[in-house]
Amino acid sequence: MHTQWAVRTADSIMQRTPRLYEARGYASKWSYDFGVVLKGFEALWKQTGDRKYFRFIQDNMDYFIQEDGSIRGYHQEEYNIDHINNGKLLFSLYHETGQEKYKQAAALLREQLKSHPRTSEGAFWHKKIYPYQIWLDGLYMGSPFYLEYLLTFENGEGMDDVTKQFILCEKHTKDEATGLLYHAWDEKRVQPWCNPDTGLSPNFWGRSLGWYVLALADVLEILPGSHTDYNELCRILRDTLTALRKYQDEATGVWYQVVDQGERKGNYLEASASSMITYAMAKGVRLGVLDEIWNAPLDRAFQGIITEFVTETKEGLINLNKVCQVAGLGGADKRDGTFAYYISEPIITNDQKGLGAFLKACCEYEQLKDPAGQQIGESSNAGV
(Lines give C-alpha, C1' and ligand atoms only; values in the text may rest on other atoms or scores of the structure.)
Protein backbone atom coordinates (compact mmCIF):
# COMPACT_ATOMS: atom_id res chain seq x y z
CA MET A 1 0.00 0.00 0.00
CA HIS A 2 1.32 3.42 -0.96
CA THR A 3 1.50 5.34 2.31
CA GLN A 4 3.10 8.53 1.00
CA TRP A 5 5.60 8.93 3.81
CA ALA A 6 7.02 11.95 2.01
CA VAL A 7 3.73 13.85 2.09
CA ARG A 8 3.05 12.99 5.72
CA THR A 9 6.56 13.99 6.77
CA ALA A 10 6.48 17.29 4.88
CA ASP A 11 3.06 18.15 6.27
CA SER A 12 4.28 17.35 9.79
CA ILE A 13 7.25 19.67 9.33
CA MET A 14 5.01 22.46 8.02
CA GLN A 15 2.66 22.14 10.94
CA ARG A 16 5.36 22.02 13.61
CA THR A 17 7.84 24.52 12.19
CA PRO A 18 6.28 26.82 9.60
CA ARG A 19 9.44 28.90 9.99
CA LEU A 20 12.43 26.58 10.17
CA TYR A 21 14.71 29.38 11.36
CA GLU A 22 12.55 30.00 14.45
CA ALA A 23 12.86 26.41 15.66
CA ARG A 24 14.63 25.90 18.96
CA GLY A 25 18.38 26.40 18.76
CA TYR A 26 18.51 28.18 15.40
CA ALA A 27 18.03 31.81 16.51
CA SER A 28 17.38 32.86 12.90
CA LYS A 29 20.93 31.89 11.84
CA TRP A 30 21.72 31.07 8.18
CA SER A 31 22.04 27.37 8.96
CA TYR A 32 22.72 24.63 6.40
CA ASP A 33 20.06 22.47 8.08
CA PHE A 34 17.31 24.46 6.36
CA GLY A 35 18.67 23.57 2.94
CA VAL A 36 18.53 19.86 3.71
CA VAL A 37 14.85 20.13 4.66
CA LEU A 38 13.96 22.46 1.78
CA LYS A 39 15.60 20.26 -0.87
CA GLY A 40 13.24 17.54 0.34
CA PHE A 41 10.35 19.96 -0.13
CA GLU A 42 11.62 20.84 -3.60
CA ALA A 43 11.62 17.17 -4.62
CA LEU A 44 8.11 16.70 -3.24
CA TRP A 45 6.80 19.82 -4.98
CA LYS A 46 8.18 18.55 -8.30
CA GLN A 47 6.68 15.09 -7.74
CA THR A 48 3.22 16.17 -6.61
CA GLY A 49 2.82 19.54 -8.29
CA ASP A 50 1.41 20.86 -5.00
CA ARG A 51 2.30 24.57 -4.75
CA LYS A 52 2.13 24.61 -0.95
CA TYR A 53 5.53 22.92 -0.88
CA PHE A 54 7.03 25.58 -3.14
CA ARG A 55 5.48 28.30 -0.96
CA PHE A 56 7.08 26.74 2.11
CA ILE A 57 10.48 26.96 0.42
CA GLN A 58 9.93 30.56 -0.65
CA ASP A 59 8.58 31.67 2.75
CA ASN A 60 11.58 30.23 4.56
CA MET A 61 14.18 31.52 2.09
CA ASP A 62 12.65 35.00 1.87
CA TYR A 63 13.48 35.63 5.52
CA PHE A 64 17.15 35.53 4.49
CA ILE A 65 17.22 36.72 0.87
CA GLN A 66 16.97 40.52 0.80
CA GLU A 67 15.71 42.57 -2.15
CA ASP A 68 19.25 43.50 -3.19
CA GLY A 69 20.35 39.85 -3.19
CA SER A 70 22.24 40.08 0.09
CA ILE A 71 21.71 37.26 2.58
CA ARG A 72 20.78 37.94 6.19
CA GLY A 73 23.39 36.47 8.54
CA TYR A 74 25.77 35.38 5.77
CA HIS A 75 29.41 36.51 5.89
CA GLN A 76 31.60 35.48 2.99
CA GLU A 77 34.81 36.17 4.88
CA GLU A 78 34.05 33.26 7.24
CA TYR A 79 34.75 30.91 4.31
CA ASN A 80 32.48 28.23 5.72
CA ILE A 81 31.49 25.67 3.09
CA ASP A 82 28.35 24.86 5.13
CA HIS A 83 27.02 28.32 4.28
CA ILE A 84 26.75 27.42 0.60
CA ASN A 85 24.17 24.67 1.13
CA ASN A 86 20.95 26.72 1.29
CA GLY A 87 21.90 28.31 -2.02
CA LYS A 88 20.71 25.15 -3.78
CA LEU A 89 17.14 26.42 -3.44
CA LEU A 90 17.88 29.67 -5.26
CA PHE A 91 17.81 28.06 -8.72
CA SER A 92 14.19 26.88 -8.45
CA LEU A 93 13.16 30.15 -6.82
CA TYR A 94 14.73 32.15 -9.64
CA HIS A 95 13.37 29.94 -12.45
CA GLU A 96 9.90 29.90 -10.94
CA THR A 97 9.54 33.58 -10.01
CA GLY A 98 12.04 35.41 -12.23
CA GLN A 99 13.00 37.56 -9.25
CA GLU A 100 16.54 38.90 -9.65
CA LYS A 101 17.27 38.79 -5.91
CA TYR A 102 17.54 34.99 -6.06
CA LYS A 103 20.04 35.12 -8.93
CA GLN A 104 22.04 37.79 -7.11
CA ALA A 105 22.10 35.78 -3.90
CA ALA A 106 23.33 32.72 -5.82
CA ALA A 107 26.06 34.88 -7.40
CA LEU A 108 27.11 36.02 -3.92
CA LEU A 109 27.61 32.40 -2.81
CA ARG A 110 29.42 31.64 -6.07
CA GLU A 111 31.83 34.48 -5.22
CA GLN A 112 32.78 32.68 -2.00
CA LEU A 113 33.84 29.62 -3.97
CA LYS A 114 36.08 31.74 -6.21
CA SER A 115 38.27 32.72 -3.27
CA HIS A 116 37.52 29.92 -0.80
CA PRO A 117 40.85 28.59 0.59
CA ARG A 118 41.99 25.22 -0.72
CA THR A 119 44.46 22.41 -0.08
CA SER A 120 47.59 22.26 -2.24
CA GLU A 121 45.71 20.05 -4.75
CA GLY A 122 42.68 22.32 -4.93
CA ALA A 123 40.17 20.75 -2.52
CA PHE A 124 38.09 23.29 -0.57
CA TRP A 125 38.94 23.66 3.12
CA HIS A 126 35.95 22.80 5.27
CA LYS A 127 36.07 26.21 6.91
CA LYS A 128 38.59 29.00 7.34
CA ILE A 129 38.75 28.04 11.03
CA TYR A 130 39.48 24.41 9.98
CA PRO A 131 42.47 25.02 7.67
CA TYR A 132 43.82 22.43 5.20
CA GLN A 133 41.03 20.00 6.15
CA ILE A 134 38.69 18.03 3.90
CA TRP A 135 35.57 16.83 5.72
CA LEU A 136 33.16 14.47 3.95
CA ASP A 137 30.31 16.76 5.05
CA GLY A 138 31.63 19.61 2.92
CA LEU A 139 31.12 17.75 -0.35
CA TYR A 140 27.37 17.90 0.16
CA MET A 141 27.41 21.51 1.31
CA GLY A 142 29.31 22.93 -1.65
CA SER A 143 29.57 20.68 -4.69
CA PRO A 144 25.95 20.28 -5.92
CA PHE A 145 25.40 24.06 -5.66
CA TYR A 146 28.68 24.73 -7.47
CA LEU A 147 27.81 22.39 -10.34
CA GLU A 148 24.27 23.71 -10.76
CA TYR A 149 25.56 27.28 -10.76
CA LEU A 150 28.10 26.47 -13.49
CA LEU A 151 25.43 24.73 -15.59
CA THR A 152 22.85 27.48 -15.06
CA PHE A 153 24.87 30.68 -15.29
CA GLU A 154 28.36 29.84 -16.63
CA ASN A 155 27.63 27.59 -19.64
CA GLY A 156 28.90 24.54 -17.74
CA GLU A 157 32.50 25.75 -17.86
CA GLY A 158 34.87 24.57 -15.14
CA MET A 159 32.96 21.43 -14.10
CA ASP A 160 36.27 19.62 -13.60
CA ASP A 161 36.70 21.70 -10.45
CA VAL A 162 33.54 20.11 -9.03
CA THR A 163 34.37 16.52 -9.94
CA LYS A 164 37.92 16.98 -8.63
CA GLN A 165 36.51 17.62 -5.14
CA PHE A 166 35.09 14.07 -4.97
CA ILE A 167 38.15 12.45 -6.50
CA LEU A 168 40.55 14.17 -4.08
CA CYS A 169 38.29 13.42 -1.13
CA GLU A 170 38.17 9.71 -1.92
CA LYS A 171 41.92 9.63 -2.58
CA HIS A 172 42.73 11.02 0.86
CA THR A 173 39.99 9.55 3.09
CA LYS A 174 39.44 6.02 1.75
CA ASP A 175 40.42 3.05 3.89
CA GLU A 176 41.61 0.30 1.58
CA ALA A 177 40.73 -2.49 4.01
CA THR A 178 37.02 -1.65 4.38
CA GLY A 179 36.37 0.67 1.44
CA LEU A 180 34.83 3.16 3.89
CA LEU A 181 35.85 6.81 4.08
CA TYR A 182 37.16 8.43 7.25
CA HIS A 183 35.31 11.53 8.44
CA ALA A 184 38.14 13.97 7.68
CA TRP A 185 41.72 14.49 6.53
CA ASP A 186 44.23 17.15 7.56
CA GLU A 187 46.74 17.88 4.83
CA LYS A 188 49.19 19.43 7.32
CA ARG A 189 48.83 16.50 9.77
CA VAL A 190 48.84 18.85 12.76
CA GLN A 191 45.30 18.56 14.16
CA PRO A 192 45.08 16.82 17.55
CA TRP A 193 42.41 14.47 16.15
CA CYS A 194 44.45 13.18 13.20
CA ASN A 195 46.91 10.37 12.71
CA PRO A 196 50.29 12.13 12.41
CA ASP A 197 51.36 9.82 9.59
CA THR A 198 48.20 9.79 7.45
CA GLY A 199 46.38 12.96 8.50
CA LEU A 200 43.17 10.93 8.92
CA SER A 201 40.60 11.16 11.67
CA PRO A 202 40.21 7.85 13.55
CA ASN A 203 36.65 6.71 12.76
CA PHE A 204 33.97 6.13 10.13
CA TRP A 205 31.09 8.40 11.16
CA GLY A 206 27.77 7.39 9.62
CA ARG A 207 26.42 10.81 8.74
CA SER A 208 29.67 12.00 7.17
CA LEU A 209 29.54 9.00 4.82
CA GLY A 210 25.88 9.84 4.29
CA TRP A 211 26.70 13.42 3.29
CA TYR A 212 29.28 12.15 0.81
CA VAL A 213 27.04 9.65 -1.01
CA LEU A 214 24.17 12.17 -0.93
CA ALA A 215 26.42 14.69 -2.66
CA LEU A 216 27.58 12.18 -5.27
CA ALA A 217 24.02 11.16 -6.10
CA ASP A 218 22.91 14.78 -6.46
CA VAL A 219 25.90 15.71 -8.62
CA LEU A 220 25.51 12.65 -10.87
CA GLU A 221 21.89 13.62 -11.50
CA ILE A 222 22.95 16.84 -13.26
CA LEU A 223 26.54 16.17 -14.38
CA PRO A 224 26.50 15.56 -18.15
CA GLY A 225 27.16 11.90 -18.90
CA SER A 226 29.73 13.01 -21.48
CA HIS A 227 31.93 14.62 -18.82
CA THR A 228 35.39 13.06 -18.50
CA ASP A 229 34.89 12.25 -14.82
CA TYR A 230 31.28 11.01 -15.01
CA ASN A 231 32.21 7.32 -14.97
CA GLU A 232 34.76 7.85 -12.22
CA LEU A 233 32.14 9.49 -10.00
CA CYS A 234 29.78 6.59 -10.75
CA ARG A 235 32.53 4.19 -9.64
CA ILE A 236 33.12 6.15 -6.43
CA LEU A 237 29.41 6.07 -5.59
CA ARG A 238 29.16 2.34 -6.33
CA ASP A 239 32.31 1.52 -4.36
CA THR A 240 31.33 3.61 -1.34
CA LEU A 241 27.79 2.20 -1.22
CA THR A 242 29.16 -1.33 -1.71
CA ALA A 243 31.41 -0.79 1.32
CA LEU A 244 28.46 0.57 3.32
CA ARG A 245 26.26 -2.35 2.31
CA LYS A 246 28.64 -4.69 4.14
CA TYR A 247 27.81 -2.82 7.36
CA GLN A 248 24.03 -2.70 6.87
CA ASP A 249 22.71 -4.12 10.14
CA GLU A 250 21.44 -7.66 9.62
CA ALA A 251 18.51 -7.38 11.99
CA THR A 252 17.18 -3.92 11.09
CA GLY A 253 18.53 -3.00 7.65
CA VAL A 254 19.90 0.37 8.85
CA TRP A 255 23.29 1.74 9.90
CA TYR A 256 25.18 2.54 13.10
CA GLN A 257 26.46 5.91 14.26
CA VAL A 258 30.02 4.54 14.04
CA VAL A 259 29.51 2.42 10.97
CA ASP A 260 31.90 -0.49 11.45
CA GLN A 261 31.56 -1.00 15.22
CA GLY A 262 27.98 -2.14 15.64
CA GLU A 263 28.89 -4.57 18.41
CA ARG A 264 30.49 -1.97 20.70
CA LYS A 265 28.72 -0.82 23.83
CA GLY A 266 27.14 2.60 23.40
CA ASN A 267 26.97 2.52 19.62
CA TYR A 268 23.46 2.98 18.23
CA LEU A 269 21.46 2.78 15.00
CA GLU A 270 21.28 6.33 13.64
CA ALA A 271 18.47 7.81 11.54
CA SER A 272 20.12 10.58 9.51
CA ALA A 273 22.97 8.43 8.18
CA SER A 274 20.56 5.60 7.39
CA SER A 275 18.25 8.00 5.52
CA MET A 276 21.10 9.53 3.50
CA ILE A 277 22.54 6.16 2.49
CA THR A 278 19.05 4.94 1.52
CA TYR A 279 18.48 8.07 -0.55
CA ALA A 280 21.78 7.59 -2.39
CA MET A 281 20.92 3.95 -3.12
CA ALA A 282 17.47 4.83 -4.44
CA LYS A 283 18.75 7.66 -6.59
CA GLY A 284 21.62 5.51 -7.83
CA VAL A 285 19.12 2.87 -8.97
CA ARG A 286 16.87 5.48 -10.59
CA LEU A 287 19.79 7.05 -12.47
CA GLY A 288 21.02 3.66 -13.64
CA VAL A 289 24.32 4.01 -11.77
CA LEU A 290 23.37 0.98 -9.65
CA ASP A 291 21.84 -2.17 -11.12
CA GLU A 292 18.75 -4.09 -9.98
CA ILE A 293 20.60 -6.17 -7.35
CA TRP A 294 20.50 -3.02 -5.22
CA ASN A 295 16.72 -3.19 -4.90
CA ALA A 296 16.83 -5.79 -2.12
CA PRO A 297 19.21 -3.89 0.22
CA LEU A 298 17.35 -0.68 -0.66
CA ASP A 299 13.96 -2.15 0.33
CA ARG A 300 15.45 -3.49 3.58
CA ALA A 301 16.96 -0.09 4.34
CA PHE A 302 13.78 1.88 3.70
CA GLN A 303 11.58 -0.49 5.68
CA GLY A 304 14.21 -0.48 8.40
CA ILE A 305 14.09 3.31 8.70
CA ILE A 306 10.30 3.24 9.08
CA THR A 307 10.39 0.41 11.64
CA GLU A 308 13.40 1.54 13.62
CA PHE A 309 13.12 5.34 13.69
CA VAL A 310 9.60 6.55 12.79
CA THR A 311 6.79 6.99 15.29
CA GLU A 312 3.47 8.79 14.96
CA THR A 313 1.86 11.15 17.45
CA LYS A 314 -1.79 10.71 18.33
CA GLU A 315 -2.50 13.65 15.99
CA GLY A 316 -0.90 11.71 13.14
CA LEU A 317 2.32 13.73 12.95
CA ILE A 318 5.55 11.95 12.01
CA ASN A 319 8.46 11.81 14.46
CA LEU A 320 11.97 10.81 13.41
CA ASN A 321 13.90 9.46 16.38
CA LYS A 322 17.54 8.61 17.11
CA VAL A 323 19.27 11.40 15.21
CA CYS A 324 22.76 12.47 16.21
CA GLN A 325 22.36 16.21 16.80
CA VAL A 326 25.86 17.22 15.73
CA ALA A 327 29.37 15.84 15.35
CA GLY A 328 32.59 17.43 14.19
CA LEU A 329 36.30 17.55 14.83
CA GLY A 330 38.50 20.02 16.68
CA GLY A 331 37.12 23.47 17.42
CA ALA A 332 36.70 25.11 20.78
CA ASP A 333 35.52 21.92 22.49
CA LYS A 334 38.44 19.89 21.08
CA ARG A 335 36.35 17.12 19.54
CA ASP A 336 38.78 14.24 19.09
CA GLY A 337 37.01 11.91 16.67
CA THR A 338 37.22 8.88 18.97
CA PHE A 339 34.48 6.28 19.25
CA ALA A 340 33.67 7.66 22.72
CA TYR A 341 33.27 11.14 21.23
CA TYR A 342 30.84 10.13 18.46
CA ILE A 343 28.54 8.26 20.82
CA SER A 344 28.61 11.10 23.38
CA GLU A 345 26.89 13.75 21.26
CA PRO A 346 23.16 14.30 21.98
CA ILE A 347 20.66 11.97 20.28
CA ILE A 348 17.44 13.81 19.52
CA THR A 349 14.05 13.54 17.82
CA ASN A 350 13.09 15.62 14.75
CA ASP A 351 16.49 17.18 14.16
CA GLN A 352 16.15 19.15 10.93
CA LYS A 353 19.09 17.48 9.18
CA GLY A 354 17.58 14.10 9.99
CA LEU A 355 14.07 15.09 8.94
CA GLY A 356 15.41 16.61 5.72
CA ALA A 357 17.39 13.47 4.89
CA PHE A 358 14.38 11.28 5.69
CA LEU A 359 12.08 13.42 3.54
CA LYS A 360 14.57 13.22 0.65
CA ALA A 361 14.82 9.43 1.08
CA CYS A 362 11.01 9.10 1.08
CA CYS A 363 10.67 11.18 -2.10
CA GLU A 364 13.38 9.26 -3.91
CA TYR A 365 12.18 5.83 -2.79
CA GLU A 366 8.52 6.54 -3.53
CA GLN A 367 9.37 7.99 -6.94
CA LEU A 368 11.38 4.87 -7.77
CA LYS A 369 8.83 2.38 -6.48
CA ASP A 370 5.62 4.08 -7.56
CA PRO A 371 6.29 6.48 -10.43
CA ALA A 372 2.60 6.39 -11.37
CA GLY A 373 1.62 7.65 -7.92
CA GLN A 374 3.41 10.95 -8.13
CA GLN A 375 0.34 13.12 -8.49
CA ILE A 376 -1.36 11.95 -5.33
CA GLY A 377 0.32 14.47 -3.06
CA GLU A 378 -2.93 15.87 -1.69
CA SER A 379 -4.52 12.52 -0.91
CA SER A 380 -3.19 12.40 2.63
CA ASN A 381 -4.42 14.92 5.16
CA ALA A 382 -2.07 13.80 7.93
CA GLY A 383 -0.56 16.80 9.63
CA VAL A 384 -2.64 19.36 7.72
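This report describes selected helices, two individual residues and the cysteines of a predicted model.

## Helix H1 and its surroundings

Helix H1 runs over residues 5–16, and its 12 residues reach 16 Å from the first C-alpha to the last, close to the 16 Å expected at 1.5 Å a residue. Nine of these 12 residues are buried, so H1 is largely enclosed by the rest of the structure. The buried positions are Trp5, Ala6, Val7, Arg8, Thr9, Ala10, Asp11, Ser12 and Ile13, a list in which Arg8 and Asp11 stand beside residues such as Val7 and Ile13.

The cover over the buried residues of H1 comes from several elements, which include helix H2 (32–48), helix H3 (51–62) and helix H11 (295–309). Strand E3 (310–312), strand E4 (318–320) and helix H13 (352–369) also belong to that cover.

## Helix H5

Helix H5 spans residues 100–115, and the distance from its first C-alpha to its last is 23 Å, close to the 22 Å expected for its 16 residues at 1.5 Å a residue. Its buried residues are Lys101, Tyr102, Ala105, Ala106, Leu109, Arg110, Gln112 and Leu113. An α-helix has 3.6 residues a turn, so residues three or four places apart point the same way. The buried residues of H5 pack against H3, helix H4 (90–97) and helix H6 (136–153).

## The pair H9 and H10

Helix H9 (residues 230–245) and helix H10 (residues 271–287) have axes that come within 11 Å and cross at roughly 130°. That angle makes H9 oblique to H10, and the crossing in which H9 passes H10 is left-handed. Where the two helices meet, H9 contributes Leu237, Leu241 and Leu244, while H10 contributes Ile277, Ala280 and Met281.

The end C-alpha atoms of H10 are 24 Å apart, which agrees with the 24 Å that its 17 residues should span at 1.5 Å a residue. H10 is mostly covered, with 15 of its 17 residues buried, and the helix is followed by Gly288, whose phi is positive, near 80°.

## Two buried polar residues: Ser272 and Asp33

Ser272 lies in helix H10 and, at 0% relative accessibility, counts as buried. When residues up to four places away in sequence are not counted, Ser272 touches Arg207, Val323, Gly354 and Ala357. Of these, Gly354 and Ala357 fall within the range 352–369 of helix H13.

Asp33 is found in helix H2, and with a relative accessibility of 4% this residue also counts as buried. Leaving aside residues up to four places away in sequence, Asp33 touches Tyr26, Gln352 and Lys353. The C-alpha atom of Asp33 is separated by 21 Å from that of Lys283, a residue 250 places apart from Asp33 along the chain.

## Cysteines and the absence of disulfides

The structure holds zero disulfides. What keeps Cys362 from being paired is distance, because its sulfur is 7.0 Å from the closest cysteine sulfur, in Cys363, which is too far for a bond. Seen from the other side, the closest cysteine sulfur to that of Cys363 is the one in Cys362, again 7.0 Å away and too far for a bond.

Both residues are enclosed: Cys362 is buried with a relative accessible area of 0%, and Cys363 is buried with a relative accessible area of 1%.

Conventions
Residues are numbered from 1 along each chain as its sequence is written. This is a predicted model: local features need pLDDT of at least 70, side-chain atom pairs count only at pLDDT 80 or more; totals for chains, interfaces and linings use all residues. Side-chain values use heavy atoms; hydrogens and water are left out. Helices (H or I, at least four residues) and strands (E, at least two) are DSSP runs, numbered from the N terminus. The expected span of a helix is 1.5 Å times one less than its number of residues. Buried means under 20% relative accessible area, exposed over 50%, partly exposed in between (1.4 Å probe, protein chains only). Contact means heavy atoms within 4.5 Å. A disulfide is a pair of cysteine sulfur atoms within 2.5 Å. Axes are lines fitted to C-alpha atoms, for helices over the stretch in contact, and angles run from 0 to 180 degrees between N-to-C directions. Angles under 35 degrees count as roughly parallel, over 145 as roughly antiparallel, 65 to 115 as roughly perpendicular and the rest as oblique. A crossing is left-handed if the near helix is turned anticlockwise from the far one by less than a right angle, and right-handed if clockwise.
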